[in-house]
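User: I am new to this structure and would like a close look at a single part of it. Please choose one spot, explain how it sits among its surroundings, and take the time to connect the details.

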2 protein chains.
Amino acid sequence: MTAPPTVPPEPGRPDRSAAVKARIRGSARERFNRDGFEATGIRDIAADAGVNPALVIRHFRSKEHLFIETVGADASWGDVLDGPLDQIGARAVRAILDGHRHGHRAFGAIVRASGRPDIHATLKNSITRQLSEPLEAALPGPDAALRAHLFCAQFIGLMVALSVYDDEYLQTAPAESIIARYGEALQRTLAPQHP
Amino acid sequence: MTAPPTVPPEPGRPDRSAAVKARIRGSARERFNRDGFEATGIRDIAADAGVNPALVIRHFRSKEHLFIETVGADASWGDVLDGPLDQIGARAVRAILDGHRHGHRAFGAIVRASGRPDIHATLKNSITRQLSEPLEAALPGPDAALRAHLFCAQFIGLMVALSVYDDEYLQTAPAESIIARYGEALQRTLAPQHP
DNA sequence: GTCTATAACGTGATAGAC
DNA sequence: GTCTATCACGTTATAGAC
């Protein structure tokens, strides 16, 4: 979110510990996504990566920082906005469903951990930078801000249903029926006039 | 959520500890709603209530259980479904905005703490029992389940925007503009046919 | 001088003895 | 009801290995 992930502090040298950091990142990402922030301990991550627990903190500043650098970086919806604006509703819903069915659990993990101040900030920034702001800028007509923000609320609502409170009906319902209905609802939220 | 809040186990005796339990509940509710589950310690609650920390655990089984009995019980949207179905969209949005502007932070606190299994179950049950199921039963026409669940997703989305990721635009925008747009969107999600 | 391992510290929730 | 012990956790201090 703030700094590039894998750049060593001093680019001149190869940074011998890069491999260890990568292993820790990998273990952390898997654990955090599967078990959540709380249920995952530093010692668990360290054991998976085959390193000493203290190393995890030494390389990443804290457990929270490690979470943000791994899971937080996975929460991206940049490509939803690519493409024609008049089909963004269906495209957004399809992206959410595809992501969920391919096992992307980052969003749920972030929301469930958003009691932590820095993780909350990460969540808020992701939505603002990647969704609200570019969408608002792209919208023609009056009330662009209102429409963009309501679109986001609606968009996030489906993600929360699937990966935060685990709505089993929506998790297993045919994708096309959800895309048709919810996609259209999203699309109408973006329309300047409601007929 | 499960049991009435202030009924003593044996109605014959006055149950001297009832007052203490009530004080603990009051302190817990305030702290949890204001600072969240994690940032609130058992010692903080006990200090506010003027009791010994160990007593909190003795009366309520755990911090998580205490949270569910206080904040969890505040998450109720039963009255949203009361009234004519053809105006439920606007009514739901108005209820959300009113609740938020009156300082009801229960939903945000629950979502942010839903990493804990029991709190997650509380959240899921609240939505299912109070929204999805009664709504689905009340809906005429085909696809009742799909429409009810998508309505819930949309409904929850606005709550999440206001009290989880703190969308400052929606928090301060004129209520009527949100009610008009989002209320209509909710209403259309319930319609059997999308025109 | 940079990376890693060992051993502790502080804190928080919780359980059991009194 | 209260006191105290226990256990797990994130984190840090310190010192050894390259």
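Analyst: A helix here is a DSSP run of at least four residues, and helices are numbered from the N terminus. With that in hand, the spot I would choose is His120(A), whose place is in helix H7 of chain A, the helix formed by residues 117-138. It should be said at once that this is a predicted model, and that the values below are computed from it.

The surroundings come before the residue. Chain A has 195 residues, of which 46% count as buried, and its secondary structure comes to ten helices and zero strands, which gives a run of α elements from the N terminus on. The C-alpha trace of chain A spans about 60 × 40 × 25 Å along its principal axes. Among the contacts in chain A with a separation of 6 or more, 69% are between residues 24 or more positions apart in the sequence.

Now to the residue itself: is His120(A) buried or exposed? With a relative accessible area of 14%, His120(A) is buried, because the cut-off for that word is under 20%. Its contacts, leaving aside the neighbours within four places in sequence, include Ser114(A) from its own chain, while Arg112(B), Val164(B), Tyr165(B) and Asp166(B) come from chain B. Asp166(B) also takes part in a polar contact with His120(A), in which the two side chains come to 3.1 Å.

What does the corresponding position in chain B look like? His120(B) is placed in helix H7 of chain B, and at a relative accessible area of 15% it is buried too. Not counting residues up to four places away in sequence, His120(B) touches Ser114(B) in its own chain and Arg112(A), Val164(A), Tyr165(A) and Asp166(A) in chain A. Here the side chain of His120(B) makes a polar contact with the side chain of Asp166(A), at 3.1 Å, and a polar atom of the His120(B) side chain also lies 2.9 Å from the backbone oxygen of Val164(A). Within chain B, by contrast, Leu158(B) is 38 residues away from His120(B) along the chain, and the C-alpha atoms of the two are separated by 19 Å.

These contacts belong to the meeting of the two chains, to which chain A gives 45 residues and chain B gives 45 residues. Chain B and chain A bury about 3900 Å² between them, with 58% of that area on carbon and sulfur atoms. The count of salt bridges between the chains is six; Glu38(A) forms a salt bridge with Arg116(B), and the closest N and O atoms of that pair are 2.6 Å apart. Polar contact, counted for residues at pLDDT 80 or more, is found in 20 residue pairs across the interface. On the side of chain B that touches chain A, the elements giving two or more residues are helix H6 (106-112), helix H7 (117-138), helix H8 (144-163), helix H9 (168-172) and helix H10 (175-190) of chain B. H8(B) gives the most to that side, with 13 residues. By kind, the residues on that side of chain B divide into 23 nonpolar, ten polar and twelve charged.

Since H8(B) has come up in this way, its counterpart in chain A deserves a word. Helix H8 of chain A covers residues 144-163, and at 1.5 Å a residue its 20 residues should span 28 Å, which agrees with the 28 Å between its end C-alpha atoms. Moreover, 20 of the 20 residues of H8(A) are buried, so this helix is largely enclosed by the rest of the structure.

A place within chain B offers a comparison. Arg31(B) is found in helix H1 of chain B and is buried, at a relative accessible area of 19%. A polar contact of 2.8 Å joins its side chain to that of Asp48(B), and residues touched by Arg31(B), beyond those up to four places away in sequence, are Gly36(B), Thr40(B), Asp44(B) and Asp48(B). To return to the chosen spot, His120(A) is a buried residue whose side chain makes a polar contact with that of Asp166(B) in chain B.

Notes. Residues are numbered from 1 along each chain as its sequence is written. Chains are lettered from A and ligands numbered from 1 in the order in which they are written. This is a predicted model: local features need pLDDT of at least 70, side-chain atom pairs count only at pLDDT 80 or more; totals for chains, interfaces and linings use all residues. Side-chain values use heavy atoms; hydrogens and water are left out. The expected span of a helix is 1.5 Å times one less than its number of residues. Buried means under 20% relative accessible area, exposed over 50%, partly exposed in between (1.4 Å probe, protein chains only). Contact means heavy atoms within 4.5 Å. Buried area is the accessible area (1.4 Å probe) that two parts lose on being put together, summed over both. A salt bridge is a side-chain nitrogen of Lys or Arg within 4 Å of a carboxyl oxygen of Asp or Glu. A polar contact is a pair of N or O atoms within 3.5 Å; within protein, one must be able to donate a hydrogen and the other to accept it, and residues adjacent in sequence count only if both atoms are side-chain atoms. Ala, Val, Leu, Ile, Met, Phe, Trp, Tyr, Cys and Pro count as nonpolar, Asp, Glu, Lys and Arg as charged, and the others, Gly among them, as polar.
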